[in-house]
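This is a guided tour to follow in a viewer, one selection at a time. Keep the structure open and make each selection as it comes up.

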Amino acid sequence: MTQTVAESTSTPKKIGSDPISSFSALLSPISGTVSDTKVLNDSEDEEKETSLDSSAGSAASHQSSTSRASSESGEAGHQFQEGLDVLEKARGLNELKLFNGSEHSVNETILQLMRVFLKNQESKAGFRRIVKTMSNVLPEDHCLPSSDVILKYIQELIPDVVEEACHYCRECNLYIEESAILKDCTVCKRKTDIGTYYSFSVAGIVKFLFEIRNLASLMDSCEIDNKSEPNIYKDAYNGSEYKRINEHRGKYDLTIILNSDGVQLRKKSKKDLWLLLCTFVEIPCHLREAFLCVLGVWYDEVKPNMNTFMKKLCEELKKINENGIEWRHPVTGQLHLTYVRLQLVVADAPARAKMQNIMAHNSKYPCCICEIKTIKCTLQVGMKKRIRVYPYLHNPKLRSKSRMLVQAAKAIDSGNGSEKGVKGVSVLSIIPYVDVSTIFIPEYMHSTLLGCTRQLINIFLERKGEWNIEKYSVLIDEDLARIQHPDFVHRFPRQLKNVKNWKASDWYYFLLFESLPILKKYLPVRYYQHLILLVVPIYDLLRRNISEEKIKAANLLLNLFVNQFNNLYPDREWSSNIHSLCHLALCVTRHGPLSCTSAFPFEGMNGTVAKATHGSHNVGQEIVNNIKICQGVQVLEKIKNGLNDLSSSNSSLLQPLGKEVQLNLSPTELSVFKGKSFHIFSRAQIGCNIYTSQIHKKLKSANYYVMWKQKESGENSVGSVKFFAVENGVLCAYVNLFSVDHLNVIFNDEAMVAVEHLIPILESDSACLVSGEELLSFVKVGRCGNFIFVRPNLLHQVM
């Protein structure tokens with residue numbers, strides 16, 4: 001439960017009028033001076049370039065240990081005042097000008113430099129050269145600090161976010177207490193070869209989000225409602241698991257979605273980077289990527305034992321569920337108590353098995369949700385060995401928490417390695433409310449897009465059989481090249497010859513929007529009909545408003561797809577990814593729509609961290625420093641935009657963009673305006689989106705195909721915008737209308753289901769002017785051949 005106690009905060013001090021003295025006072029806790037930016041010569045720069053990452057790492061380690069000691073010894077009010085002091089210094093730099101007569105403040109300049117640093121993934125040495133060059137061209141009285149001072153200043157903006165160096169035996173991969181580092185390992189009895197990973201404090205991150213980034217205001221503006229429409233699933237908070245663990249939820253309590261995955265920093269490197277990431281269910285889905293937090297960093301040749309890697313996290317979450325986290329509201333000054341619970345773990349199959357402590361996907365009982373027993377496939381000509389595959393079972397026995405604990409005990413006592421696939425107890429089970437049989441899901445980005453869809457296309461192109469369409473690959477590539485995508489498609493179609501390099505987003509667009517219109521001409525009917533059974537339910541489960549009826553229908557279609565798959569294709573193709581389709585509908589009822597529980601945001605964070613890492617020594621500490629720098633930049637953004645800025649946009653904005661266009665209109669087009677005067681434009685902003693028209697010259701994306709709701713009839717219309725016009729100060733769109741070609745609707749005969757999001761169209765000579773409420777209801781759609789496709793949700797990126 002959330003508790004509040006009203007308390008007053010101290011009045012901030014004002015900064016002085018003299019820029020130089022004010023700057024020195026504002027940066028008093030930071031070692032370093034302003035003037036050192038101009039005294040570095042080239043030899044010193046080269047010398048520092050080789051040792052910068054390691055020295056920055058040791059300095060940050062000293063700083064983080066100092067911050068940790070301070071945070072542990074102080075009370076909540078003292079910690080909050082320290083945070084206020086740091087923010088007040090930052091706000092002082094927000095008022096201090098870069099030099100006399102400058103329009104820009106020191107903070108604005110630092111923020112611009114840090115944006116370049118992060119966007120271009122600059123090394124510390126590269127950043128030093130940028131700052132040095134800039135300082136050399138500024139006036140003598142400038143207040144721009146050196147690059148080292150800037151990075152230390154950025155890290156001091158987040159005093160509560162501290163990391164702890166944890167140790168493990170590199171032989172047996174088990175955790176080692178600080179006091180036992182110099183002794184032999186108590187498990188493997190060998191001389192300890194010590195590895196180090198880093199764990200971030202959840203309490204510090206939560207305090208940072210509430211006290212610095214003002215998360216409370218965002219939560220107040222987006223209150224969770226999972227009771228008014230109990231049979232509608234909009235987000236993870238509508239799932240049964242969220243309701244179970246948050247039965248007595250307080251106003252500012254948080255619920256975690258956890259992720260872990262490995263990424264290779266460099267080609268041919270023996271070491272892998274593993275991150276523990278999290279976001280929070282209470283944050284709106286489209287904003288969760290902006291609130292991703294790093295909870296752990298593992299960098300070693302040895303892959304992590306997840307019970308070791310997650311040990312500190314689980315122990316802290318257990319304490320938080322008992323005592324809560326105290327923080328003070330940055331606006332009201334009230335003291336609050338927040339509890340944090342774990343709802344869901346999102347990971348690919350190998351990481352999921354490690355975290356759940358069960359056998360891998362190629363074992364006898366490998367499923368994370370049910371206790372299906374795999375079988376060995378038949379040995380085919382040219383195959384060296386038989387692999388384990390998944391037969392179709394209509395209602396397999398689901399795993400339960402109590403049975404998994406019994407199975408873990410049997411596996412440990414018997415010494416057989418596993419019992420029904422369970423190898424032992426997952427450390428996650430020590431967290432209150434956690435049910436290890438329900439918090440794991442076969443996440444759809446890995447299992448459906450990179451798994452099932454890619455497997456199907458590989459069968460169509462590489463496996464011999466009546467389904468093979470390799471001979472049509474050139475024609476298919478031509479069809480892919482003709483697709484007209486709007487700007488919500490960030491990756492344009494690649495050729496089939498590069499199919500091995502396709503990313504998850506490529507498979508997303510191909511499965512939902514491109515596969516059925518294009519493959520209709522090439523794939524045999526029975527296999528095409530079978531493909532429909534996959535596309536329709538996946539699209540429905542990605543919607544943001546799913547009814548229970550839709551979920552049940554999707555479950556029937558997916559089970560029918562898996563059952564027919566085992567009849568259509570050789571048993572060697574009965575993979576874990578195909579089996580996981582049977583559980584997707586169940587996962588939606590437990591955790592909400594697939595778009596709210598995917599790994600897409602986490603994968604983007606993994607790539608960002610990997611690209612920002614440049615050093616070859618002490619890489620783990622460098623990654624920790626980069627993470628803290630990213631969080632510090634977020635604080636600067638908040639200071640610049642104001643504490644209560646929630647980056648809201650005007651959803652009712654209607655305005656033309658660019659210059660007026662001279663266009664010769666036909667008599668039919670002129671008749672629509674009924675003799676009134678008007679001005680023509682090629683682009684317009686409608687609500688939060690930019691739309692182009694067919695007359696726009698720079699057409700990178702086809703942002704002129706639209707769907708909107710008619711005001712009188714309430715029915716949807718589809719068309720293409722030829723141009724925008726302003727008539728008597730009112731924006732309107734001249735739209736060439738499409739009619740629906742009902743004879744070419746894609747339909748599965750056996751299941752009696754139509755593909756609703758792929759609309760067959762016929763071009764017509766009809767046109768109309770759209771304005772007012774109808775114009776505000778515009779939705780961007782894409783075109784693939786003679787089909788218009790509609791997104792399952794209005795998120796700005798694939799989720």
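Start by selecting Glu-669 together with Lys-722 and Tyr-734: these two are the residues that Glu-669 contacts once its neighbours within four places in sequence are set aside. The model on screen is a predicted one. Now colour helix α23, which covers residues 667-671 and contains Glu-669. Is Glu-669 buried or exposed? Glu-669 has a relative accessible area of 8%, and it counts as buried because the cut-off for that class is under 20%.

**The whole chain**

Zoom out and show the chain as a cartoon. It holds 24 helices and 27 strands. Of its 799 residues, 53% are buried. Switch to a surface view: the accessible surface comes to about 36100 Å², and carbon and sulfur atoms account for 50% of that area. How are contacts spread along the sequence? Taking contacts between residues at least 6 apart in sequence, 71% join residues at least 24 apart.

**Strand β5 and what Tyr-233 touches**

Select Tyr-233, which sits in strand β5. Tyr-233 is buried, at 8% relative accessibility. Next add Val-588, which is 355 residues away from Tyr-233 along the chain. How far apart are the C-alpha atoms of Tyr-233 and Val-588? They are separated by 8.0 Å. Val-588 is also one of the residues that Tyr-233 touches, not counting residues up to four places away in sequence. To fill in the surroundings, display the others on that list: Asn-238, Gly-239, Arg-544, Asn-545, Ile-546, Glu-548, Ile-551, Thr-589 and Pro-593.

**From Asp-235 to Arg-544**

Keep Arg-544 in view, since the next stop includes it, and select Asp-235. These two residues form a salt bridge in which the closest N and O atoms are 3.7 Å apart. Asp-235 lies in the loop between β5 (232-233) and α9 (240-245), and Arg-544 in the loop between α17 (525-541) and β14 (546-547), so the bridge ties together parts that are 309 residues apart in sequence. Asp-235 is buried, with 3% relative accessible area, whereas Arg-544 is partly exposed at 21%.

**A network of charges**

Select Asp-540 and Arg-543. Their salt bridge brings the closest N and O atoms to 3.1 Å. Extend the selection to Lys-550 and Glu-756: salt bridges with shared partners join these two, Asp-540 and Arg-543 into one network. Asp-540 is buried at 8% relative accessibility, and Arg-543 is partly exposed at 22%.

**Between two helices**

How many salt bridges are there in total? The count comes to 26. For another of them, select Arg-128 and Asp-148, whose closest N and O atoms are 2.9 Å apart. Arg-128 belongs to helix α5 (residues 124-137) and Asp-148 to helix α6 (residues 147-156), so this pair ties together parts that are 20 residues apart in sequence. Colour the two residues by accessibility: Arg-128 is buried at 3%, while Asp-148 is partly exposed at 26%.

**Two loops with positive phi**

Go to the loop between β2 (163-169) and β3 (175-176) and pick Asn-173. Its phi is near 70°, a positive value in a residue other than glycine. Asn-173 is buried, with 12% relative accessibility.

Then move to the loop between α13 (401-414) and α14 (444-462), where Tyr-433 is found. What is the phi of Tyr-433? It is near 75°, again positive in a residue that is not glycine. Tyr-433 is partly exposed, with a relative accessible area of 43%.

**A positive patch**

For the last stop, return to the surface view and select Lys-364, Lys-373, Lys-376 and Arg-386. Together they form a positive surface patch. Within this group, centre on Lys-376, which is part of strand β12 (residues 375-376). Lys-376 is partly exposed, with 47% relative accessibility.

Notes. Residues numbered from 1 in each chain as written. Predicted model: local features only at pLDDT ≥ 70, side-chain atom pairs only at ≥ 80, totals over all residues. Heavy atoms only, no water. Patch = residues over 30% accessible without salt bridge, like charges linked within 9 Å, V, L, I, M, F, W, Y side chains within 5 Å. Areas by Shrake-Rupley, 256 points an atom, 1.4 Å probe, with all protein chains shown as cover. Salt bridge = Lys/Arg side-chain N within 4 Å of Asp/Glu carboxyl O. Lys, Arg positive; Asp, Glu negative; His and termini not counted. Charge placed at Lys NZ, Arg CZ, Asp CG, Glu CD. Helix = DSSP H or I, 4+ residues; strand = E, 2+ residues; numbered from the N terminus. Buried < 20%, exposed > 50% of the residue type's maximum accessible area, 1.4 Å probe, protein only. Contact = heavy atoms within 4.5 Å.
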